[in-house]
Amino acid sequence: QVQLEESGGGSVQAGGSLRLSCLVSGNTYGRNYVGWFRQAPGKEREAVACIYFFRGTTYYSGSLKGRFTISQDNFNNTVDLHLNNLKAEDAAVYYCAAGVTFLHGDACLREDVYNSWGQGTQVTVSS
């Protein structure tokens, strides 16, 4: 079983930046890929970005590419999400998740391929 713990959320002004971090622990063989998702109040959870552990390949939700960057630190077992030029609509609870299924391409942006989830970290953006 993989455990995930998010950190780095907080309150920031529009145009500012945050770095979210996802610490992956436990049976790390259970993480072929890690994704970041977010859920705003009253909205469904949506994919933000994902990264394949062995290849380091990254994929982004189309509307967020360019402002957000996902990266991994294999030594520290963390997957970071760098949020830049934040907008009011980026305010949400951000979750990281890990999955083990053999996937290709942007399939790691699908929510249903993940079997381990963190508790989430809140991002608030003020104008």
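These questions and answers look at how the terms used for this predicted model follow from its values.

Q: What makes this an all-strand chain in its pattern of elements?
A: Read along the sequence, the pattern is β-β-β-β-β-β-β-β-β-β-β. The count agrees with that reading: zero helices and 11 strands.

Q: How do you know whether the radius of gyration of the protein chain agrees with a compact globule?
A: Set the two values side by side. For 127 residues, a compact globule would have a radius of gyration near 14 Å, and the protein chain has 14 Å, so the two agree. Along its principal axes, the C-alpha trace spans about 40 × 25 × 25 Å. It also helps to know that 45% of the 127 residues count as buried, and that residues 24 or more positions apart supply 59% of the contacts with a separation of 6 or more.

Q: Why is Ser 61 called buried?
A: The cut-off for buried is under 20% relative accessible area. Ser 61 has 19%, so it is buried. You will find Ser 61 in the loop between strand S6 (58-60) and strand S7 (68-73). Leaving aside residues up to four places away in sequence, Ser 61 touches Ala 47, Val 48 and Leu 109.

Q: Why is Asn 77 called partly exposed?
A: Partly exposed lies between the 20% and 50% limits. Asn 77 has a relative accessible area of 24%, and therefore counts as partly exposed. Its place is in the loop between S7 and strand S8 (78-83).

Q: Why does Asn 85 count as partly exposed?
A: The same limits of 20% and 50% apply. At 41% relative accessibility, Asn 85 falls in between and so counts as partly exposed. Asn 85 sits in the loop between S8 and S9.

Q: What makes the phi values of Asn 77 and Asn 85 worth a look?
A: Most residues other than glycine have a negative phi. Asn 77 is not a glycine, yet its phi is positive, about 55°. Asn 85 is not a glycine either, and its phi is positive at about 50°. A glycine with a positive phi turns up as well: Gly 42, near 80°, in the hairpin of S4 and S5, where six residues lie between the strands.

Q: How do you know that S4 and S5 pair, and in which sense do they run?
A: Pairing calls for at least two bridges. Six bridges join S4 to strand S5 (residues 46-52), and the two run antiparallel. One partnership to look for is Arg 38 with Glu 46 in S5.

Q: How do you know that S4 pairs with S9?
A: Again the threshold is at least two bridges. Seven bridges join S4 to strand S9 (residues 92-99), in an antiparallel arrangement. Val 34 stands opposite Ala 98 in S9.

Q: What makes strand S4 mostly covered?
A: Of the seven residues in S4 (residues 33-39), six are buried.

Q: What makes one face of strand S1 the covered one?
A: In a regular strand the side chains alternate between the two faces of the sheet. In S1 (residues 2-7), Val 2, Leu 4 and Glu 6 form the covered face, while Gln 3, Glu 5 and Ser 7 form the uncovered one. S1 also pairs with strand S3 (residues 18-26), antiparallel and over six bridges. Val 2 has Gly 26 in S3 as its bridge partner.

Notes: Residues are numbered from 1 along each chain as its sequence is written. This is a predicted model: local features need pLDDT of at least 70, side-chain atom pairs count only at pLDDT 80 or more; totals for chains, interfaces and linings use all residues. Side-chain values use heavy atoms; hydrogens and water are left out. Buried means under 20% relative accessible area, exposed over 50%, partly exposed in between (1.4 Å probe, protein chains only). Helices (H or I, at least four residues) and strands (E, at least two) are DSSP runs, numbered from the N terminus. The radius of gyration is taken over C-alpha atoms; the globule rule is 2.2 Å times the number of residues to the power 0.38. Contact means heavy atoms within 4.5 Å.
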